[in-house]
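Here is a short, informal tour for anyone meeting this structure for the first time. Take a look at the display, then read on.

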Amino acid sequence: MILGIGVGYIFRKRNLSFISKVITVLIWILLFVLGLEVGSNPQIVSNLGNLGLDALIITLGALLGSITLAALLWKIVNKSKVQ
Amino acid sequence: MRSSLIIVGFFIVGSLLGYFGVVPASILEGDISFYALGALMFCVGVSLGSDPETLKSFTKINPRLLLLPLLTIVGTLAGAAIVGMLLPNSSVIDSMAVGSGLGYYSLSSIFITEFKGAELGTIALLSNISREILALLLAPVLVKYFGKLAPIAAGGATTMDTTLPIIMKFSGKEYMVLSVFHGFVTDLSVPFLVTLFCSI
């Protein structure tokens, strides 16, 4: 990735709009392959409900943690404006 | 939104083909996903490096607000760790690996599949997609109760693309640069954090 940043910086004057299309297609391929892997694994298929529930619970934990800190920063920033 | 649907569509089509055994499993034994992942990281780097204008605009942000991406990451990891202790099926580290996707579901699920297998990869995909969806849906509520920074923190790595319009709508246009900066930093951190928690 760091190599890519360097290359991107050097060629920044060229038209690099095609790169975002390449990224999109690569993501398609990779998620298609992940799908193949999931679909052909009976253990995962039969467990999809549980996996989804775990996923949702992790998301809620992650959201709660990040939102709490953001609310804290919001309060601190606003307090310093009033003073 | 449309591009997200297409991405999820590829995953679903892949699952169905795999499930019905249409595509031979021998494809999975090759290193396709490894090389595609390498190519993907290279392209992400190129697109970041080729846009110095974005980097320059970051210098205009209130220095205190520069902390926001860090707080998002710390809060996410702490929240995921606590929840991970309560979940019977996944360990704290696995939960933190999933959380460190920060909503960047394509990249994080691909990485986690590569390191930890398709099961945790699927959790990562579902978890990080739902983070993006919840960030989109909850933005107005978050602004009301937790302040204008909350939707940005909730959006994680998506705040420079998919959730940017909704953040500008509910937090205000003046938060656009912060939102892009936040997305930029958290985006960059995803491959590093995911790899870190997968290798512990």
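Of the 200 residues in chain B, 51% are buried. Keep in mind that this is a predicted model. For chain A, with its 83 residues, the buried share is 40%.

Both chains are built from helices, with no strands to be found: chain A has 4 helices and 0 strands, while chain B has 11 helices and 0 strands. Going along chain A from the N terminus, you simply meet α-α-α-α. Chain B reads in a similar spirit, as α-α-α-α-α-α-α-α-α-α-α. The radius of gyration of chain B is 17 Å, close to the 16 Å that the globule rule gives for 200 residues, so chain B is as compact as a globular protein of that length.

Here are the two chains side by side.

| Chain | Length | Buried | Helices | Strands |
|---|---|---|---|---|
| A | 83 residues | 40% of residues | 4 helices | 0 strands |
| B | 200 residues | 51% of residues | 11 helices | 0 strands |

If you want a feel for the dimensions of chain B, its C-alpha trace spans about 55 × 40 × 30 Å along the principal axes. Now for the contacts inside chain B. Take those with a separation of 6 or more: 60% of them are between residues 24 or more positions apart.

Next, how do the chains meet? On the chain B side, 77 residues are in contact with 57 residues of chain A. Several helices of chain B each bring at least two residues to the side that touches chain A, among them α1 (2–19), α5 (68–86) and α8 (118–146). Which helix gives the largest share of that side? That would be α3(B), with 15 residues. As for the make-up of the side of chain B that touches chain A, its residues divide into 48 nonpolar, 25 polar and 4 charged.

One residue deserves a stop of its own. B:L102 sits in the loop between α6 and α7 of chain B. Its phi is near 50°, a positive value in a residue other than glycine. For background, most residues other than glycine have a negative phi. Is B:L102 buried or exposed? B:L102 is buried, because 30 other C-beta atoms lie within 10 Å, and 20 or more are enough to count as buried.

Notes. Residues numbered from 1 in each chain as written. Chains lettered and ligands numbered in written order. Predicted model: local features only at pLDDT ≥ 70, side-chain atom pairs only at ≥ 80, totals over all residues. Buried ≥ 20, exposed ≤ 12 C-beta atoms within 10 Å, placed from the backbone. Rg over C-alpha atoms; globule rule 2.2 N^0.38 Å. Contact = placed C-beta atoms within 7 Å. Nonpolar A, V, L, I, M, F, W, Y, C, P; charged D, E, K, R; others polar.
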